[in-house]
Amino acid sequence: MPYKKLLASLIVCILLITGCQSSPTEKKNVTHLTLWQGVNPPSNRDVLQKLVDKFNQNHSDIKVDSIYVGQPDQQMPKILAAVVGNAPPDLLWFSPTIAGQLVDLDAVVPLDEMLNKSAVKDEIDPTLLDSIKYQGKIWSVPFATNNVGIFYRTSLFKAAGIEELPSNWEEFRQVAKKLTRDTNGDNKIDQHGIFLPLGKGEFSVFIWLPFMWSGGGELADSAAKVNLVDNKGAISALQLWQDLVKDGSAVLSAPERGFETDAFVSGKVAMQVTGPWTLTYINNDIKNGDFGVFPIPANERQATGIGGENLFLLKTTPEREKAAFEFAEFVLSEEFQTEWALGTGYLPANLKSRQSEKYQAYVEEQPTAKVFLKQAQYGRSRPVFTGYTRVSESIGRAIEAVLLDKSSPEEALKESQERLDLIFK
């Protein structure tokens, strides 16, 4: 079957990748570790590589190879193929939502014992502890954290005569209309109010979820049961996004490219829903600091989505797992978290880092970071359960159908629920 051939091909590729890590000229007694990651944009990967190099320089007996393996949706088949083929990476950078799947595959190392013995545990932001647990055990550590807000171009707001930032959905919709303009008089819209992600992948879902929570919706109950049909928050959030498109205020990304910020940087769109991981990149590309950030406008309540990836240790050998945890401790350290935050815009997961003089000086120079720090109190995490990837894909299909005007929010969610019912039954 084509699927089996694809899986076999992936396993062969993975074996080739993992088999070519060490060089014959390197000294013996060095534990070689592979880190699979999907860090984006490329400038953030450069920051990570410098930190990995620093770790390697300070650990003569451990060498970590950081390998970019694509965006999360591209990583999933590679991860599953690696686990099935018994050729997993030692360290995996991924959303915490994958924990249930890795645990069910018996592919991931429980970290309770090692983390409880580590002094760095008490330095982890306690709001992130839920994201590292599944079924009462710890399966990962926070790599960094972030949440979602709305970036806006200050000069475009001024040109449109907008003096107050929108605080609710109706104001948000009206502001988006005002920002949609024909700026050169050729009777064609060349500046849109808002950039929305198109695609059924996890990024689109992650960006949309804060609107669902703001609308009063929940993704799943305490038993991880998903109900999309009677979910008023989900319906109203999809309706808002569809209204923005029908108003002509929204421009859609290329499929599965909602993370790109080129249209925002060039001024073709005035607002974009994204997070602090783009902060350094945008700050470098937009002159004179011509941008700001405001919280997700509230409907029934204030909400944002807590993001950031976690670091998983996959089962290999006791020696490699011990070495991998040394790298995990480095990632959790004040040193790593501060340099990562300053270089990328992510928020530190380490409390000492967040309170450090170096990071506080950065926050004073970069006031947009304050918005993300302040609204973290309203943050919601995506649930961790085995079937999350199926749920996310079904919601992504609903988002895509609604944005392309192929379905109403109610119809799209009903279809997604029926699909999930079949899968889980």
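User: Why does Glu256 count as partly exposed?

Analyst: This is a predicted model, and in it Glu256 has a relative accessibility of 34%. Buried would need under 20% and exposed over 50%, so Glu256 lands in between and gets the middle label.

User: Where does Glu256 sit, and what stands out about its phi?

Analyst: Glu256 is in the loop between strand S10 (250-252) and helix H10 (262-266). Its phi is positive, about 60°, although Glu256 is not a glycine. Most residues other than glycine have a negative phi, which is why that gets flagged. Asp405 also has a positive phi of about 60° without being a glycine, and Asp405 belongs to the loop between H17 and helix H18 (409-424).

User: What makes the peptide bond from Asn40 to Pro41 cis?

Analyst: Its omega is near 0°. Most peptide bonds are trans, so a cis one is worth a mention. Pro41 itself is in the loop between S1 and helix H2 (42-58).

User: How do you know whether His192 is buried or exposed?

Analyst: Check the number against the cut-off. His192 has a relative accessible area of 19%, and buried means under 20%, so His192 qualifies as buried. The residue lies in strand S9 (residues 192-196). Leaving aside neighbours within four places in sequence, His192 has contacts that include Leu179, Thr180, Val251 and Lys268.

User: And Asn146, buried or exposed?

Analyst: Buried: the relative accessible area of Asn146 is 2%, under the 20% limit. Asn146 is part of strand S7. Beyond its neighbours within four places in sequence, Asn146 touches Phe206, Pro276, Trp277, Gly305, Ile306, Gly307, Gly308, Tyr346 and Leu347. Arg173, on the other hand, is 27 residues from Asn146 in sequence and 25 Å away in space, C-alpha to C-alpha.

User: What makes S7 an edge strand?

Analyst: The order of the open three-stranded sheet is S7-S13-S15, with mixed pairing. Strand S7 (146-147) and strand S15 (379-381) each have a single partner strand, so each has one side with no neighbour in the sheet.

User: Why is the pairing in that sheet called mixed?

Analyst: Take the two pairs in turn. S7 and strand S13 (residues 304-307) pair antiparallel over two bridges, with Asn147 partnered by Ile306 in S13. S13 and S15 run parallel and are joined by three bridges, with Gly305 opposite Arg380 in S15. One antiparallel pair and one parallel pair give you a mixed sheet.

User: How do you know that both faces of S13 are covered?

Analyst: There are buried residues on each side: Thr304 and Ile306 on one, Gly305 and Gly307 on the other. H8 packs on this sheet too, touching S7, S13 and S15, and its direction makes about 140° with that of S13.

User: Why is H8 called roughly perpendicular to H17?

Analyst: The axes of helix H8 (residues 202-214) and helix H17 (residues 388-403) cross at roughly 80° and come within 9 Å. The perpendicular class covers 65 to 115 degrees, so this pair falls inside it. From H8 the contact uses Glu202, Ser204, Val205, Trp208 and Leu209, and from H17 it uses Tyr388, Ser392, Ile395, Gly396 and Ile399. By class, that makes six nonpolar, three polar and one charged residues.

User: What puts the buried residues of H16 on the same side of the helix?

Analyst: The buried residues of helix H16 (residues 368-375) are Thr368, Ala369, Val371, Phe372 and Gln375. Their arc around the axis is only 155°, which places them on the same side of H16.

User: Which strands stand at the edges of the five-stranded sheet, and why?

Analyst: That open sheet has the order S2-S1-S3-S14-S6, with mixed pairing. Strand S2 (62-68) and strand S6 (141-142) are the edges, because each has a single partner strand and so has one side without a neighbour in the sheet.

User: How do S3 and S14 pair?

Analyst: Strand S3 (residues 91-94) and strand S14 (residues 310-313) pair antiparallel over four bridges. Trp93 has Leu311 in S14 as its bridge partner. Helix H3 (residues 72-84) lies across strand S1 (31-37) and S3, at about 150° to S3.

Methods: Residues numbered from 1 in each chain as written. Predicted model: local features only at pLDDT ≥ 70, side-chain atom pairs only at ≥ 80, totals over all residues. Heavy atoms only, no water. Axes fitted to C-alpha atoms, helices over the stretch in contact; angles between N-to-C directions. Parallel < 35°, antiparallel > 145°, perpendicular 65-115°, else oblique. Contact = heavy atoms within 4.5 Å. Nonpolar A, V, L, I, M, F, W, Y, C, P; charged D, E, K, R; others polar. Pairing = 2+ DSSP bridges. Buried < 20%, exposed > 50% of the residue type's maximum accessible area, 1.4 Å probe, protein only. Arc of directions from axis to C-beta.
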